[in-house]
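Me: Please take a close look at the cross-links of this chain, that is, its disulfide bonding and its salt bridges. A connected account would be welcome.

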Amino acid sequence: MMRFVMGLAALALAGCTAQDLGLAPPEDGPITRALAGKTLTLDGAPEFQVTFAKDGTISGFAEGRWSVTDGAYCRTLTGPPGMAGTECPVTELSGDTVTFTSSTGRSTWRISPAPDA
């Protein structure tokens, strides 16, 4: 349960919307190549999945936008309501996993092809 809470906390955001930030589609680079067109599943909680579209949108249990600018990953969620906002966590890639670390915690996600990819 603690991993689940930490995972949600790492996605929890506060601040402005994607439109306020002007998040553009992700630039090319290692993070974009690892995430674009992929589905992420929270380690230890397979019911929590999000898909990162190549156009910079996020869908699944969380909705919003994502971007990579100058090699830094940022996301702005619009839902679920309690998680809306923007954050730019430290992002570590290792094989088929990505770990996000922010002031609210650390969560590890398994990367797999999106169902429609």
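Reply: The account below turns from the chain as a whole to its disulfide and then to its salt bridges.

This is a predicted model, in which local features need pLDDT of at least 70 and side-chain atom pairs count only at pLDDT 80 or more, whereas totals for chains, interfaces and linings use all residues. Residues are numbered from 1 along each chain as its sequence is written, and side-chain values use heavy atoms, with hydrogens and water left out.

The protein chain holds 3 helices and 9 strands, taken as DSSP runs numbered from the N terminus (helices: H or I, at least four residues; strands: E, at least two). From the N terminus on, their order is α-α-α-β-β-β-β-β-β-β-β-β. Of its 117 residues, 47% count as buried; buried means under 20% relative accessible area, exposed over 50%, and partly exposed in between, with a 1.4 Å probe and protein chains only.

With a disulfide taken as a pair of cysteine sulfur atoms within 2.5 Å, the count comes to 1. The partners are cysteine 74 and cysteine 88, whose sulfur atoms lie 1.9 Å apart. This pair links distant parts of the chain, 14 residues apart: cysteine 74 belongs to strand E5, and cysteine 88 to the loop between strand E6 (85-87) and strand E7 (90-94). The link is right-handed, with 110 degrees about the S-S bond. Cysteine 74 is buried at a relative accessible area of 15%, while cysteine 88 is partly exposed at 47%.

Salt bridges require a side-chain nitrogen of Lys or Arg within 4 Å of a carboxyl oxygen of Asp or Glu, and the whole structure has 4 of them. Strands E5 and E6 are joined by one of these, since arginine 75 lies in E5 and glutamate 87 in E6, so that the pair ties together parts 12 residues apart in sequence. The closest N and O atoms of glutamate 87 and arginine 75 are 2.8 Å apart. Both partners are buried: glutamate 87 has 13% relative accessibility, and arginine 75 has 0%.

Another salt bridge joins glutamate 92 and arginine 106, with closest N and O atoms 3.3 Å apart. Here, too, distant parts of the chain are linked, with glutamate 92 in strand E7 and arginine 106 in strand E9, 14 residues apart. Glutamate 92 is partly exposed at 37% relative accessibility, as is arginine 106 at 47%.

Arginine 33 forms a further salt bridge with aspartate 28, where the closest N and O atoms are 3.1 Å apart. Aspartate 28 counts as exposed, at 62% relative accessibility.
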